[in-house]
Amino acid sequence: MSKRRINKIAIIGSGIMGSGIACHFANIGVDVLLLDIIPRELNDKEKAKGLTLEDKVVRNRLVNDALMASLKSKPSPIYNQKFASRITTGNIEDDIAKVADVDWIMEVVVERLDIKKMVFENLEKYRKPGTLITSNTSGIPIKFMSEGRSEDFQKHFCGTHFFNPARYLKLFEIIPGPKTDASVLEFLNGYGEQFLGKTSVIAKDTPAFIGNRIGIFSIQSLFHAVKEMDLTIEEVDKLSGPVIGRPKSATFRTVDVVGLDTLVHVANGIKENCKDDERLELFELPDFINTMMENKWLGSKTKQGFYKKTVSAEGKKEILSLDLNTLEYRSAKKAKFATLELTKTIDKVVDRFKILVSGKDKAGEFYRKSFASLFAYVSNRIPEITDDLYKIDDAMKAGFGWEHGPFQIWDAIGVEKGIKIMKAEGLEPNAWVMDMLASGSSSFYTVKDGASYAYDIPKKSQVKIPGQDAFIILDNIRKSNQVFKNSGVVIEDLGDGILNCEFQSKMNTIGGDVLAGLNKAIDLAEKDFAGLVIGNQAANFSVGANIGMIFMMAAEQEYDELNMAIKYFQDTMMRMRYSSIPTISAPHGMALGGGCELSLHADKVVAAAETYMGLVEFGVGVIPGGGGSKEMALRAQDLFHKGDVQLNVLQEHFLTIGMAKVSTSAYEAFDLNLLQKGKDVVVVNKDRQIAVAKQHAKLMAEMGYTQPVKRTDIKVLGKQALGMFLVGTDSMKDSNYISEHDMKIANKLAYVMAGGDLSEPTLVSEQYLLDIEREAFLSLCTERKTLERIQHMLTKGKPLRN
C-alpha cells in the first residue's frame, strides 16, 4: 500500500448513511468534517427564539440533527460516545472551502446523478490536487459521475460503497471509474481492510455492483418462489435464516428492516439497466409487492411490512404476519419441516447443505430450487460483474451476513451434485464451470499450506487468493497444525513458537473439557513453546461457563464436586496469569461471564473492536466465581492511588458486576476497566486478530518474559466498604428496585469485594479473595431462587427476575 495517510476526511451528506460513515471514521481516530445543505425555512422552535436563516445554529441544523439522531440510534454507530468529538459539522455553503484541508472527500448525497454532478462541480473548486474523492452511490454508474471533471479529479475518483449500518456490515465495494489510477484502487483496497476493518472488494462498474446484484436477485427469487411453492412468510424465514448460516432476520424480516422501498428501488434499477440479464423476469415485482408499495407497508419505518407489531386492548403484544394470498395480517404460524429436524445435531452450517438439498419434503424442494437458481445466476455473472468468483462470496458474506457465499455452498454440496440439481430445475451452469471440472479442479476452493486458493477462470487453475498474508485462518490450519485435541479444544501451532488454544464447545462455553484443554495448552507452551494465544473464529469468543453443569451439580446437591469444579476454574485462571509464558486472550463478539474472566487473567488482551464483554452472572443468580469478583476488587484497589475516593472507585467496580454491564464495543470495555489502557489493544478487523495476537505473544517472549510474582498486596477496605454496600442494597430493596434474592446476591458480592468483614483496611492475597469468592458462589448455589434462574436461562435463553 502507498504511503498515503488519511488524517482527515470530509463527508458530504449527513443522512443515515453519511452520519453512519462519519461515525465509523471517527471510530478509527480520523478527524471528520460532516457537511450538509442549509434549511430553506425556520422551524417553530427557531421562530420562537427569534432566530433567522442567517444564524449559524439554523444553518447547521440539518447536519446537527442528523448526526444527533445517528448517535442516539440502536445499535450505536460509534464505539464510544466520546469519539463523537472527532466529528465537526458544518454546511456546504459556509464550510465547503474547508475540504482543501482534507485527505479524502466522500459524497453521500441523494441518489440522483444531476445532484451528485452539481456537488462534484462545487467541490472541485476547493479540492486540492491529489485528494481522494469518492461516491458512496449504491448503483449509479461511476463513469457518468466524473464526466467533465479535471484529469486529476478523474484519476483520484471512484465509487466507495459502504453497506448500512456502516459500523457493522463489513462489505466495502470499490468501483473504479474510466480513469481511476491503479494506485488509488490499491490504496483503498488496503485501507478498507486494515483501517476500516472491512472486506474490501473491487467491483466492476455494473448496475448494483456485486453485493446488491446477487443479494437482490436472491431475495427477488424467493419473492417469486413463495407464491409458486405456496409457502408462508414464516416458512421462508425459517428456511432462509440461521439454519443455512444467514442472519436471524432471514428474508422477510430483513426486508422490513431495510425498507421495501429501498429493495424495490434497487430491483427496478437492475431491471431497467440489465436488459441482457438471463433472469430479468425475476426482477419484475410480484403483485403482492406492488400492493404493499401502494399501501405504504414498507416495514419498520411505516410500522408494518411483512410483519406488524400490535398491542391488544389488554396490553398484550403480538407480532402479526402478512398472508400473501389475502394480504391481511394474521397471527404467526409456526414453521416446521422434517428436513430441518435432520440438521439439528449438525453444529457446522457447512455440513448441513448436503442434507438440506436431499430432503424429501417441501423444505428439500425449496433448497433445490433456490440453490439451483442461485448457482446458475452467480456462474453467469462472471466476468460481467467481477473476474473472480471469491469476490462474489466475499461480497455476500460481508454485505448480507451470509456465513458462506454461493460458491462455498456449491462446494459443500459438491460441484457435480449442484449441476445435477440445476439440470433437474431446467437450468445450466456457465460453460466455465464445465471447463473447471474438465481441467481437473473438482471444487471452486482448495487449501494449501494454510492458505486459501480459488479457481481462476482465465488461468484454468487454482490460484492463491490475494491479501490473506496478514491473516491466520484457523479453518485452514486446524488439521495440519494440530498439537492436541479433546472434546472441548483444539491446540494449534501458529508457528514462531506460539500455540493457539481454540474452543470447540457449543457457543464456546467453558466446562471441564475446555479447562483441561487450557491447562494442557499451558503445559505444552511452558515445555516446548514461547507463548500462548486463546482465540477462535466462531461467531462469539465465549458466552461463559457451562451453567448446565453447574445446575446439575447444584440440583443434585453435589456441593463437594461443585466446589472442586469452581476451584478448578479459578486455578486455571490463575495459571493463565502466573505461567512462565505470555498468555494472550483474543476475544470477539460475546465474551461473557467465564469468557470475560479468562480475558481478565491473560497477560494481554487483543480484542476485536466488536467485543461485547461483561460479567453477567447476576442474571442467573450468582456472582462471578472464576476469579471475576476477585479481579474487579483487585483492579479497583490498583486505582486507589490515583487520588479518587477509594469507596467510590470500589463502588463503580461493584456496579459493573451488580448491574451485569456489558460493553457495546471493546473501547467501552476500557471504561468498565474490563480492558486496561496501556496493556490491552483493539483490532478493528477481526480477520487480523489471531495474527496480531500471535505477534504480541512473540514480542513479549522475545523481550524476555518473566513469570509474574503472585500478588499479596491487595488493599481491601473491610467493614468500611461492606457497611456502605449493605446500606445501599437495603435501600434499593426497600424502594422495590431489586428483589430480596437480588439483595442476597449483591450482599454476597459486597462481602467479596470488601474483602470480608475485616475491622480495618488490610493487605490480602489473590488467593484469599478467591477463597471467599468461591464460598459466596457456592452458598448462592444452594438457594432455590438461584436454581430457578439457572433453569429459566437454560430453557428460555434469558434471565429470570425473581
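Helices (H or I, at least four residues) and strands (E, at least two) are DSSP runs that are numbered from the N terminus. The legends below concern a predicted model, in which local features need pLDDT of at least 70 and side-chain atom pairs count only at pLDDT 80 or more, while totals for chains, interfaces and linings use all residues. Residues are numbered from 1 along each chain as its sequence is written, and side-chain values use heavy atoms, with hydrogens and water left out.

**View 1. The loop that holds Ile472.** Ile472 lies in the loop that runs between strand β14 (461–464) and helix α22 (474–477). With a relative accessibility of 15%, Ile472 counts as buried, a word used for residues under 20% relative accessible area, as against exposed for those over 50% and partly exposed for those in between (1.4 Å probe, protein chains only). Leaving aside residues up to four places away in sequence, Ile472 touches Ile477, Leu494, Gln537, Asp687, Ile690, Ala691 and Lys694, where contact means heavy atoms within 4.5 Å. One of these partners, Ala691, is 219 residues from Ile472 along the chain, and yet the C-alpha atoms of the two are separated by 5.5 Å.

**View 2. The loop that holds Leu324.** Leu324 is found between β10 (317–323) and β11 (328–331), in the loop that lies between these two strands. Its relative accessible area is 8%, so Leu324 is buried. When residues up to four places away in sequence are not counted, Leu324 touches Val226, Lys227, Ile233, Phe288 and Phe306. Leu298 is 26 residues from Leu324 in sequence, and the C-alpha atoms of Leu324 and Leu298 are 15 Å apart in space.

**View 3. Helix α33, residues 766–781.** The expected span of a helix is 1.5 Å times one less than its number of residues. For the 16 residues of α33 this gives 22 Å, which agrees with the 23 Å between its end C-alpha atoms. The buried residues of α33 include Leu769, Leu770, Ile772, Phe777 and Leu778, and among them are also the charged residues Glu766, Glu773 and Arg774.

**View 4. The chain around these close-ups.** The protein chain contains 34 helices and 25 strands. Buried residues make up 53% of its 802 residues, and its C-alpha atoms fill a box of roughly 80 × 70 × 65 Å, taken along the principal axes. Of the contacts in the protein chain between residues at least 6 apart in sequence, 69% join residues at least 24 apart.
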